[in-house]
Amino acid sequence: MTKTLQTVLIVDDSPISRKMLKSCFPKERDFQFHEAGDGLQALEKYKELRPDLVTMDLTMPVMDGVTALTEIKAFDPEAVVIVCTADVQDKSLQEVTEKGAFLILPKPPNKASVQEALCKVEESA
Amino acid sequence: MTEVRISQIRVGETILDQPFPAGEGTLAIMSEDERDTLQEMMNIAFGRAAASLAEVISIFVCLSVPCVQLFKGAQLVSYLQQFVGPFPEISIVEESFYGKMEGSAFLVFPADAGGQLVPLFGDEETLYEGEAREDVERDALLTTGGILIGACVGKLAELLGDQVSYSPAKLVARTQEKTIPAGLCDPGSIAIVLKTDFSFREESVQGFLFLVTSQQSIGWLKQALADFLAQYEG
């Protein structure tokens with residue numbers, strides 16, 4: 001059984017980075033995107049929208065991605081969060097995996113890496 | 001001691017937050033999108049640099065949101081001094097890079113950072129044995145700085161479709177007045193400054209990296225940014 005993703009919350013403090021990531025999602029699919037510019041906004045929007053998928057940057061002002069991930073998973077253990085980050089240090093990746101990230105998407109994203117991530121999420125359901 | 005110094009450096013960050021007051025017209029040199037893209041590239045590049053360093057020594061680098069600013073050459077030295085003064089001594093690893101994008105990278109550490117970094121490279125007793133303490137600490141700083149600068153600038157250049165070569169890294173420990181080479185930038189030209197703060201979680205060493213590239217690189221840089229963004233359009 002697979003799950004079809006529809007609503008996506010893209011969390012990144014960089015507007016250009018959010019735009020880049022959005023453009024990597026398959027055009028033929030009718031995704032509904034929402035955006036947040038920091039971890040706190042992400043948490044609030046998650047509670048309000050309950051999106052099918054969250055993409056989470058780590059280095060952000062106000063509330064960082066690790067904290068936001070932790071808070072989101074505490075609110076909803078079933079939340080699917082893909083960490084999309086430039087911080088590719090092993091310790092960072094290990095930390096977010098322990099906090100419940102579904103997978104890590106190193107920046108910069110591209111269409112193939114996003115497609116692969118979407119397949120993994122949908123196949124896991 | 002180290003933490004006090006750095007907190008003062010960070011306070012200084014707000015002093016010249018807007019290097020080009022509205023109305024001077026210089027902000028138009030790069031659009032908001034271009035600066036945002038460059039900032040994101042710096043974020044990616046420094047993230048890779050941190051991972052490269054972690055492969056060599058067991059250290060975790062805490063990253064921060066980088067910033068990109070444009071300065072008139074005449075303002076650059078006083079801007080940079082905001083971050084390094086009024087401390088009596090700091091250590092800077094300096095490396096120049098050459099390619100379509102040319103400039104200099106400066107990794108700024110507190111003066112005592114070398115001593116804190118040495119244990120990360122191995123057994124202290126062995127490392128210091130038969131060597132002048134100063135030389136060992138200098139090597140630790142140069143190695144750390146060389147990896148961070150090389151990996152960061154290299155990744156940034158790769159993202160921009162460029163390949164750069166480097167001058168050998170050198171360590172400068174100077175007093176505040178002489179920290180920034182006066183001839184770094186032509187007073188009449190524009191400098192792009194990419195700055196990122198970092199800290200090493202295990203060692204309480206904090207510092208920042210800034211890259212300065214000259215006005216001559218701007219035309220090429222704008223095109224490279226447009227090319228990079230083009231792959232995400234359509």
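**Exercise 1.** Over how many bridges do strand β1 and β2 of chain A pair, and in which sense?

*Solution.* Start with the ground rules. This is a predicted model, in which local features need pLDDT of at least 70 and side-chain atom pairs count only at pLDDT 80 or more, while totals for chains, interfaces and linings use all residues. Residues are numbered from 1 along each chain as its sequence is written, and chains are lettered from A and ligands numbered from 1 in the order in which they are written.

Next, find the strands: helices (H or I, at least four residues) and strands (E, at least two) are DSSP runs, numbered from the N terminus. Two strands pair if DSSP finds at least two bridges between them. Strand β1 (residues 7-11) of chain A meets β2(A) over 5 bridges, in the parallel sense. One position to look up is Leu9(A), whose bridge partner in β2(A) is His34(A).

**Exercise 2.** Place this pair in the sheet of chain A, then add the helices.

*Solution.* First, read the strand order: 5 strands make an open sheet, β2-β1-β3-β4-β5 (chain A), with parallel pairing. At the edges are β2 (32-36) and β5 (103-106) of chain A, each pairing on one side only. From one strand to the next, the twist averages 20°; axes are lines fitted to C-alpha atoms, for helices over the stretch in contact, and angles run from 0 to 180 degrees between N-to-C directions.

Now add helix α2 (residues 39-49) of chain A, which packs on the sheet and touches β1, β2 and β3 (53-56) of chain A. Contact here requires C-beta atoms, placed from the backbone, within 7 Å. The direction of α2(A) makes about 170° with that of β1(A). Finally, helix α5 (residues 111-124) of chain A lies across β3, β4 (81-85) and β5 of chain A, at about 175° to β5(A).

**Exercise 3.** Find the backbone feature at Pro108(A), then the one at Arg50(A).

*Solution.* Go to the loop between β5 and α5 of chain A, where Pro108(A) is found. A cis peptide bond joins Lys107(A) to Pro108(A), with omega about -5°.

Then move to the loop between α2 and β3 of chain A, which holds Arg50(A). Phi of Arg50(A) is near 45°, a positive value in a residue other than glycine. Arg50(A) has 13 other C-beta atoms within 10 Å, so Arg50(A) counts as partly exposed (20 or more would be buried, 12 or fewer exposed, and partly exposed lies in between; C-beta atoms are placed from the backbone).

Terms used: Contact = placed C-beta atoms within 7 Å.
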